[in-house]
Amino acid sequence: MGNPLGPDATFRDGLSKGQINLQQCGNCDQFIFFPRINCPHCGGTSLTWHPASGKGEVHTATTVRRRAEKGGDYNVSMIELAEGVRMMSRVDGIAPLDVKIGLAITAFAGEIDGIPAVLCKPAEG
Ligand SMILES: [Zn+2]
């Protein structure tokens, strides 16, 4: 299917519609992030888009200090999704210092400062 948007724009367009979409390589079946034209694993070019499961865990976590009047401390995490890709995100709904490596999260499409972004919350259950 013809798509006028480049891979990165397609990803951001999905986010703005509330979807986290990931590319998967039709040659080696691996999922890919950042979005790109060629598979970084095998060089394949038949990449297709699939909605992410939203399941994942925290890979690294950093607490960023911020003045209380600007919203207080927040968390910046590298998350690893069940599909095997890693991306920067922010875990909400939990104190920043309680975000630990290995914490199970649910990723969802949200926005940071008005810009579509991948956000997370602690997985339920
Ligand atoms: Zn591949």
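Biologist: Which residues in α1 are buried?
Modeller: Phe11, Gly14 and Leu15. A residue counts as buried if 20 or more other C-beta atoms, placed from the backbone, lie within 10 Å of its own; 12 or fewer makes it exposed, and anything in between is partly exposed. This is a predicted model: local features need pLDDT of at least 70, side-chain atom pairs count only at pLDDT 80 or more, and totals for chains, interfaces and linings use all residues. Residues are numbered from 1 along each chain as its sequence is written.

Biologist: How do you know on which side of α1 the buried residues Phe11, Gly14 and Leu15 lie?
Modeller: By the arc, taken from the directions from the helix axis to the C-beta atoms. Phe11, Gly14 and Leu15 cover only 100 degrees around the axis, which puts them on the same side of α1. The face turned away from that buried side carries the exposed residues Ala9 and Ser16.

Biologist: What covers the buried residues of α1?
Modeller: The cover includes β1, β7 (104-112) and β8 (115-122). After α1 comes glycine 18, with a positive phi near 85 degrees.

Biologist: What makes a stretch a helix or a strand here?
Modeller: DSSP runs do: H or I over at least four residues for a helix, E over at least two for a strand, numbered from the N terminus. By that rule the protein has 1 helix and 8 strands. Their order from the N terminus is α-β-β-β-β-β-β-β-β.

Biologist: Why are β1 and β3 called a pair?
Modeller: Two strands pair if DSSP finds at least two bridges between them. β1 (residues 21-25) and β3 have 5 bridges, in the antiparallel sense. They therefore meet the rule. One bridge joins glutamine 24 to threonine 48 in β3.

Biologist: How many bridges do β1 and β2 have?
Modeller: They have 2, again antiparallel. The rule asks for at least two, so β1 and β2 count as paired. Glutamine 24 stands opposite phenylalanine 31 in β2.

Biologist: What is the strand order of the open sheet of 3 strands?
Modeller: The order is β2-β1-β3, with antiparallel pairing.

Biologist: Why are β2 and β3 called edge strands?
Modeller: Each pairs on one side only.

Biologist: Does β3 (residues 47-51) lie in the open or under cover, and how do you know?
Modeller: Of its 5 residues, the number buried is 0, so β3 lies largely in the open. Over the whole protein of 125 residues, 21% count as buried.

Biologist: Which domains is the protein divided into?
Modeller: Domain 1 (7-51) and domain 2 (55-122). The bounds come from an automatic or database domain assignment. The two centres, taken over C-alpha atoms, are 21 Å apart.

Biologist: How do you know which residues of domain 1 touch domain 2?
Modeller: Contact means that two C-beta atoms, placed from the backbone, lie within 7 Å. By this test, 11 residues of domain 1 are in contact with 10 of domain 2. On the domain 1 side, α1 (7-16) and β2 (31-32) each supply at least two residues. The most come from α1, with 3.

Biologist: What classes of residue make up that side of domain 1?
Modeller: It has 6 nonpolar, 4 polar and 1 charged residues. Ala, Val, Leu, Ile, Met, Phe, Trp, Tyr, Cys and Pro count as nonpolar; Asp, Glu, Lys and Arg as charged; the others, Gly among them, as polar.

Biologist: What makes a nonpolar core?
Modeller: Buried Ala, Val, Leu, Ile, Met, Phe, Trp, Tyr and Cys residues, joined through C-beta atoms within 7 Å. The largest one has 19 residues; Ile20, Ile79, Ile105, Ala107, Val118 and Cys120 touch the most other members. α1, β1, β5 (74-81), β6 (86-91), β7 and β8 each supply at least two residues. The largest share, 3 residues, comes from β8. Each of the two domains gives at least three residues to this core.

Biologist: Which residues does isoleucine 79 contact, beyond four places in sequence?
Modeller: Among them are Val58, Met87, Ile105, Ala107 and Cys120.

Biologist: Why is aspartate 73 called partly exposed?
Modeller: Aspartate 73 has 13 other C-beta atoms within 10 Å. That value falls between the two cut-offs, so the residue is partly exposed. Its place is in the loop between β4 (55-64) and β5. Beyond four places in sequence, aspartate 73 touches Thr63, Val64, Arg65, Arg66 and Pro96.
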